[in-house]
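Reader: Hi! Could you walk me through this structure?
Author: Happy to, let's look at it together.

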Amino acid sequence: MRSPLTDSYEGHSLALYSSWLVCRPFHFMVDCGEGCATALRNRVFGLRTVALTHGHLDHISGLPSLLNARHAGMGDVDAPLTIVYPAGDPLLAPMRSYLAASQPAMEDKVSWRAMEPGERVPLDDQRSLEAFATRHAAFLTLGYRLIEHRTRLRGEFHGLSGSAIRDLAAARGREAISEGYDHPLAVFGGDGLAPDPAMVAGADVAWLEATFLDEADRGPLVHATMAEAVAVAAQASVRDLVLTHVSGRYQRADAKALARRLAIEHGLAGRLHLMWREHIELLSEGVAAADA
Ligand SMILES: [Zn+2]
């Protein structure tokens, strides 16, 4: 089944080899694994922000090709690019040295920004990426929340009719009767154990890693099982869950079957998708739709 998410997203996900995901409407990508520039070609010029979750090779090995394509490809080679990354990541330092040596012309077009958990980087007037800590390595690793800044009517005015609200707005000004709030359009879990449900709560779309179908296959506690990912998404009441980063040892049919079974077991209300290599596939419309 075609996933409606493919209108906005494209990428690749295979544990150990390459992870990257472009969000077209807001011109950013999360992680930059190998093959991204080859797949994107001239679309590399549409990017304004690269948000790195950590410096493991399968998440950053596409950076040299991405910068090379933006330097020598057919597009706006002067467009600025911001690369955000976990503060203190020991593996990004040598990659930055390589990029500086191999792409000296790109140096003044790329700004690097170290992120601590809770920090935000703006994407445009209404949206920003907010970093949160993940449990993956001995050094700081991050996930990101795509936050949209919205306004709504203050609670004390909820009982009023439309015309009364219009009169109030005219008399006192819109700011006096409204309040700002943050809505998570998407959460990108990055690599690691399943995130705290509070980081995922209420998100329209959650991209969560599900490396292991079988807990018995997991060695060190650095990646999530599919069951853990589905449990977090169910608890967080997301509208869409996309399972990513499945280990290459498994078959696609087995991953799909388990994902569907887990969604039912955990009462996942939202839609269920599987990101398998470059394919983002809709597996289920969710419990809410099935009940209707
Ligand atoms: Zn990793």
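Author: Let's begin with a pair of strands: strand 1 and strand 2 (residues 18–23) pair in the antiparallel sense over six bridges. Strands are DSSP runs of E with at least two residues, helices are runs of H or I with at least four, and both are numbered from the N terminus. Two strands count as paired if DSSP finds at least two bridges between them.

Reader: Is this an experimental or a predicted model, and how are residues numbered?
Author: This is a predicted model, where local features need pLDDT of at least 70, side-chain atom pairs count only at pLDDT 80 or more, and totals for chains, interfaces and linings use all residues. Residues are numbered from 1 along each chain as its sequence is written.

Reader: Cool. Back to those strands, which residue is the bridge partner of S13?
Author: S13 has S19 in strand 2 as its bridge partner, and L14 stands opposite S18 in strand 2.

Reader: And what's in the hairpin between them?
Author: Three residues lie between the strands, and L16 takes a positive phi near 80° in this hairpin.

Reader: What sheet has six strands, and in which order?
Author: An open one with mixed pairing, in the order 1-2-3-4-5-6. Strand 1 (9–14) and strand 6 (110–115) each have a single partner strand, so one side of each has no neighbour in the sheet.

Reader: What about the sheet of eight strands?
Author: That sheet is open too, with the order 7-8-9-10-11-12-13-14 and mixed pairing. Its edges are strand 7 (120–122) and strand 14 (279–284), each with a single partner strand, so one side of each is left free of a neighbour in the sheet.

Reader: New topic: which residues have the most contacts inside the largest nonpolar core?
Author: They are A206, L208, M226, A229, A233 and L243, in a core of 77 residues. Helix 8 (residues 226–236) gives the most to this core, with eight residues. A nonpolar core is a set of buried Ala, Val, Leu, Ile, Met, Phe, Trp, Tyr and Cys residues joined through C-beta atoms within 7 Å.

Reader: How many residues of helix 8 are buried?
Author: Nine of its eleven residues are buried, meaning 20 or more other C-beta atoms lie within 10 Å of a residue's own, with C-beta atoms placed from the backbone.

Reader: What covers them?
Author: The cover includes helix 7 (197–200), strand 11 (205–209), strand 12 (240–244) and helix 9 (252–265).

Reader: And just after helix 8?
Author: There S237 takes a positive phi of about 50°.

Methods: Buried ≥ 20, exposed ≤ 12 C-beta atoms within 10 Å, placed from the backbone. Contact = placed C-beta atoms within 7 Å.
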